[in-house]
Amino acid sequence: MGWAGPGVEDERRKRRQRAKEAVREADRAEAHAWSLRMEGFGGPAQPSPTIGQCLNGGYGWLEVKCHRCETSASIPLEHVRRPRDTLLWKLESSFRCRSCGTRRYKPPVHMIKLTEQREITPYVWAHPNDER
Ligand SMILES: [Zn+2]
């Protein structure tokens, strides 16, 4: 019958929980390291963690900046309409500055760092999917 007593079931649950926490710690470490590299050295952006790894690790906001008009913004990764396994560096080319952009040309933005909370207003950016 293989009846597992409550103690065994409990032990399994704890083990699963620990495994999940280990993954979260690893995701967090990777997101943090990437963020430090971007902020401190301006890149390279590759390799980078995925959207899912950042979210899982507690870094839900991507700060970007337009080098043309110096406007910064925090982008909520949760609301980025991309698969969760999309690598962060692949996002950079899809964000454009709406602040100094015109109808015909919107300058690309640069990724600055990851943050755990929103630090800057997020509504200045044109998302490519919004324009179709
Ligand atoms: Zn700009």
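Which residues touch the most other members of the largest nonpolar core?

## The nonpolar core

In this predicted model, the answer is a set of leucines: Leu62, Leu77, Leu88 and Leu114 touch the most other members of the largest nonpolar core, which has 21 residues. Several elements chip in, with at least two residues each from α1, α2, β1 (61–65), β2 (72–76) and β4 (110–115). The top contributor is α1, which gives 3 residues.

In soluble globular proteins, nonpolar side chains tend to be buried together.

## Leucine 88 and its neighbours

Leaving aside residues up to four places away in sequence, leucine 88 touches Trp34, Ser48, Pro49, Thr50, Ile51, Cys54, Leu77, Met111 and Leu114. Two of the names on that list, Leu77 and Leu114, also turn up among the core residues that touch the most other members.

## Serine 48

Now for the serine in that list. Serine 48 sits in the loop between α1 (6–41) and α2 (51–56). Its relative accessible area is 7%, so serine 48 counts as buried, the cut-off being under 20%.

The side chain of serine 48 has a polar atom 3.2 Å from the backbone nitrogen of leucine 88, and it also reaches the backbone nitrogen of tryptophan 89 at 3.2 Å. Beyond residues up to four places away in sequence, serine 48 touches Glu30, Trp34, Leu87, Leu88 and Trp89.

## Alanine 26

Over in helix α1 you'll find alanine 26. With a relative accessible area of 44%, alanine 26 is partly exposed. Alanine 26 and glutamine 53 are 27 residues apart in sequence, and their C-alpha atoms are 8.7 Å apart in space.

Key
Residues are numbered from 1 along each chain as its sequence is written. This is a predicted model: local features need pLDDT of at least 70, side-chain atom pairs count only at pLDDT 80 or more; totals for chains, interfaces and linings use all residues. Side-chain values use heavy atoms; hydrogens and water are left out. Helices (H or I, at least four residues) and strands (E, at least two) are DSSP runs, numbered from the N terminus. Buried means under 20% relative accessible area, exposed over 50%, partly exposed in between (1.4 Å probe, protein chains only). A polar contact is a pair of N or O atoms within 3.5 Å; within protein, one must be able to donate a hydrogen and the other to accept it, and residues adjacent in sequence count only if both atoms are side-chain atoms. Contact means heavy atoms within 4.5 Å. A nonpolar core is a set of buried Ala, Val, Leu, Ile, Met, Phe, Trp, Tyr and Cys residues joined through side-chain atoms within 4.5 Å.
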